[in-house]
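Biologist: Could you take a close look at one part of this structure for me? I would like to hear about the place where the two chains meet.

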There are 2 protein chains.
Amino acid sequence: MERKTISNAVIKRLPRYYRYLGELLESGVERISSNDLSRRMKVTASQIRQDLNNFGGFGQQGYGYNVKFLYEEIGKILGVNQRHNMIIIGAGNLGQAIANYGNFEKRGFLVKAMFDINQELIGKYFGGVLVLDMKEMECFVKSHDIQIAALAIPKQKAEEIAHKLAECGVKGLWNFAHTDLNLEENVMVENVHLSESLMRLSYRIAQSEQT
Amino acid sequence: MERKTISNAVIKRLPRYYRYLGELLESGVERISSNDLSRRMKVTASQIRQDLNNFGGFGQQGYGYNVKFLYEEIGKILGVNQRHNMIIIGAGNLGQAIANYGNFEKRGFLVKAMFDINQELIGKYFGGVLVLDMKEMECFVKSHDIQIAALAIPKQKAEEIAHKLAECGVKGLWNFAHTDLNLEENVMVENVHLSESLMRLSYRIAQSEQT
């Protein structure tokens with residue numbers, strides 16, 4: 001391993017760099033200094049230099065960063081230069097919203113199928129994605145090289161299904177279920193707890209009203 | 001102000017305490033020690049004691065925490081003991097998913113209306129929530145005491161609409177648009193950048209495969 005261990009804080013910021021660089025690319029900007037990037041992203045130039053130094057640093061003193069190169073390198077670090085096959089567990093409203101979102105496809109996340117136990121949903125398409133019977137999940141995961149599963153199911157079912165998915169070889173779970181998953185298996189979990197995000201907002205509103 | 005300033009890290013953890021305490025309450029647990037809570041939540045008992053000390057501490061040495069009291073106190077801190085009137089901007093798939101989710105209602109977040117410019121959506125109901133014309137947004141916000149707006153719209157429109165909402169007196173924006181909002185106004189922003197969350201997952205999958 002050549003790379004040093006990178007702190008979680010830096011990793012949390014990387015997708016944001018990736019987004020800003022993508023926007024610069026789209027608007028035809030070829031080079032950008034850490035100062036300019038700093039003004040746009042509202043973080044200090046020294047933080048930008050420090051963060052990007054974690055990956056060997058891509059800047060040349062006095063010339064700024066090559067936007068396309070930096071964008072692609074961060075893309076590689078994030079693993080979005082590769083295709084990821086994905087499924088969605090749960091074809092209710094949230095599952096449908098994820099299927100319809102579409103924005104993930106251009107980052108290489110391809111939704112291959114959705115799964116549900118509801119007979120009225122099985123056989124339908126949402127955002128071009130077919131809903132299959134949950135019974136077929138294990139077989140499908142193995143035969144379609146599925147790396148990521150989005151869990152858009154009630155919390156009561158989440159852990160059981162997560163274990164099954166891990167056993168079938170899924171590498172990452174994108175967990176929208178309102179619970180923490182305790183898995184022994186070597187599978188990465190990224191939680192999107194929407195209610196908790198909303199509570200943080202309400203906390204900050206309450207605080208701002210006190211001052 | 002009696003309360004000390006509370007670090008962001010603690011605030012990030014509070015909704016998780018609230019969730020666990022809510023589950024304990026539902027299953028009839030009346031008291032819990034920091035050690036037991038620690039085992040369930042997979043954080044150290046000393047962190048739990050430290051975190052809860054920020055709010056004066058609710059535990060009694062040797063007796064553990066009173067679950068109901070702690071749940072309610074954290075609820076007050078988070079501001080979820082009050083009703084928050086909310087609207088959703090954008091009645092596309094994501095907006096519909098938020099409206100249908102329903103889980104927010106029991107935490108006191110009441111979705112009063114959705115807004116869109118698409119004539120085919122206006123007049124329809126999703127999860128019991130009516131879609132109104134965007135033209136009516138400003139008037140509605142003022143007359144219905146709306147505190148929170150969820151932004152489920154494309155990034156190109158987000159900042160303009162965010163400014164309008166802030167001018168009408170909205171206190172918090174729950175931002176699903178794939179952009180950072182730069183607002184001068186005194187309005188809180190909580191971002192839910194789904195693509196970035198997915199990229200963090202893909203990063204961790206890539207890392208786990210290298211080791």
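Modeller: Happy to; here is a walk through the interface, with a short stop at a pair of helices afterwards. Please keep in mind that this is a predicted model.

Let's begin with the extent of the interface. Chain A and chain B bury about 6100 Å² between them, and 59% of that lies on carbon and sulfur atoms. Each side is well represented in the contact, with 59 residues from chain A and 59 residues from chain B. On the chain A side, Leu198(A), Met199(A) and Tyr203(A) supply 11% of the area that chain A buries against chain B, more than any other three residues.

Now for the polar side of things. The rule finds 12 salt bridges across the interface. In one salt bridge, Arg19(B) pairs with Asp180(A), with the closest N and O atoms 3.1 Å apart. There are also 30 residue pairs in polar contact between the chains, both residues being at pLDDT 80 or more.

Several elements of chain A each supply at least two residues to the side that touches chain B, among them α1 (8-26), α4 (67-78) and β4 (84-89). Helix α8(A) gives the most, with 16 residues. By class, this side of chain A has 28 nonpolar, 16 polar and 15 charged residues.

Finally, the helix pair in chain B. The axes of α2 (residues 34-41) and α3 (residues 45-53) of chain B come within 8 Å and cross at roughly 110 degrees, which makes α2(B) roughly perpendicular to α3(B). Ser34(B), Asn35(B), Leu37(B) and Ser38(B) of α2(B) meet Ala45(B), Ile48(B) and Arg49(B) of α3(B) in this contact. By class, that is 3 nonpolar, 3 polar and 1 charged residues.

Note on methods
Residues numbered from 1 in each chain as written. Chains lettered and ligands numbered in written order. Predicted model: local features only at pLDDT ≥ 70, side-chain atom pairs only at ≥ 80, totals over all residues. Heavy atoms only, no water. Axes fitted to C-alpha atoms, helices over the stretch in contact; angles between N-to-C directions. Helix = DSSP H or I, 4+ residues; strand = E, 2+ residues; numbered from the N terminus. Parallel < 35°, antiparallel > 145°, perpendicular 65-115°, else oblique. Contact = heavy atoms within 4.5 Å. Nonpolar A, V, L, I, M, F, W, Y, C, P; charged D, E, K, R; others polar. Buried area = accessible area lost by both parts, 1.4 Å probe. Salt bridge = Lys/Arg side-chain N within 4 Å of Asp/Glu carboxyl O. Polar contact = N/O pair within 3.5 Å; in protein donor to acceptor, adjacent residues only side chain to side chain.
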